[in-house]
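Here is a short report on one protein chain. Take a look at the model first, then read on.

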Amino acid sequence: MAESKTSSHKKEIRKREQELSPETKRQSDRLLGKRLLAEILRQQGDCREPVYCYVSCKNEADTRWLLQRLWEKGVRTAVPRVKGEQME
């Protein structure tokens, strides 16, 4: 069975991500975090609703910088909790 275009594109993106140097990945993750932070703060305004996020692992975009900046700004956050194979 032929591979779908979407599946093929995802594999290509993952391959390129793995080829990034650690410094380039760190810079890309930080740039993404800065853009997300600006957008979150712009949209949130005076709203006190929590910002939902994931805690990154493996090759995912690093969210630790973003979460730290949100906490410093007093923004409430919520992340999923995983126990074994279950997410709560």
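Contact here means heavy atoms within 4.5 Å. With that cut-off, the buried residues of α3 pack against α2 (22-44), β1 and β2 (77-78). The model is a predicted one.

**Overall build**

Three helices and four strands make up the elements of the chain. Their order from the N terminus is α-α-β-α-β-β-β. The chain is more spread out than a compact globule, because its radius of gyration is 16 Å, well over the 12 Å that the globule rule gives for 88 residues. Along the principal axes, the C-alpha atoms fill a box of roughly 50 × 30 × 20 Å.

Some totals for the chain follow.

| Property of the chain | Value |
|---|---|
| Buried share of the 88 residues | 17% |
| Share joining residues at least 24 apart, among contacts between residues at least 6 apart in sequence | 63% |
| Exposed area | about 7,600 Å² |
| Part of the exposed area supplied by carbon and sulfur atoms | 52% |

Charge is the next topic. The chain has 20 positive and 14 negative charges. The mean positions of the two sets are 1 Å apart.

**Helix α3 and its surroundings**

Which residues of α3 are buried? They are Trp65, Leu66, Leu67 and Leu70. An α-helix has 3.6 residues a turn, so residues three or four places apart point the same way. The partners of this buried set are α2, β1 and β2. After α3 comes Gly74. The phi of Gly74 is positive, near 80°.

**Thr63**

Thr63 sits in the loop between β1 (51-52) and α3 (64-72). Is Thr63 buried or exposed? Thr63 counts as buried because its relative accessibility is 7%, and the cut-off for buried is under 20%. Leaving aside neighbours within four places in sequence, Thr63 is in contact with Cys53, Tyr54, Val55 and Ser56. With Ser56 there is a polar approach: a polar atom of the Thr63 side chain lies 3.1 Å from the backbone nitrogen of Ser56.

**The C-terminal segment**

Glu88 belongs to the segment after β4 (86-87). Which residues does Glu88 contact, leaving aside its neighbours within four places in sequence? Pro80, Arg81 and Lys83 are in contact with Glu88. Leu37 gives another reference point for Glu88: the two are 51 residues apart in sequence. In space, Glu88 and Leu37 are 25 Å apart, C-alpha to C-alpha.

Note on methods:
Residues are numbered from 1 along each chain as its sequence is written. This is a predicted model: local features need pLDDT of at least 70, side-chain atom pairs count only at pLDDT 80 or more; totals for chains, interfaces and linings use all residues. Side-chain values use heavy atoms; hydrogens and water are left out. Helices (H or I, at least four residues) and strands (E, at least two) are DSSP runs, numbered from the N terminus. The radius of gyration is taken over C-alpha atoms; the globule rule is 2.2 Å times the number of residues to the power 0.38. Buried means under 20% relative accessible area, exposed over 50%, partly exposed in between (1.4 Å probe, protein chains only). Accessible areas come from the Shrake-Rupley method with a 1.4 Å probe; for residues, only the protein chains shown count as cover. Lys and Arg count as positive and Asp and Glu as negative; His and the chain ends are not counted. The place of a charge is taken as NZ of Lys, CZ of Arg, CG of Asp or CD of Glu. A polar contact is a pair of N or O atoms within 3.5 Å; within protein, one must be able to donate a hydrogen and the other to accept it, and residues adjacent in sequence count only if both atoms are side-chain atoms.
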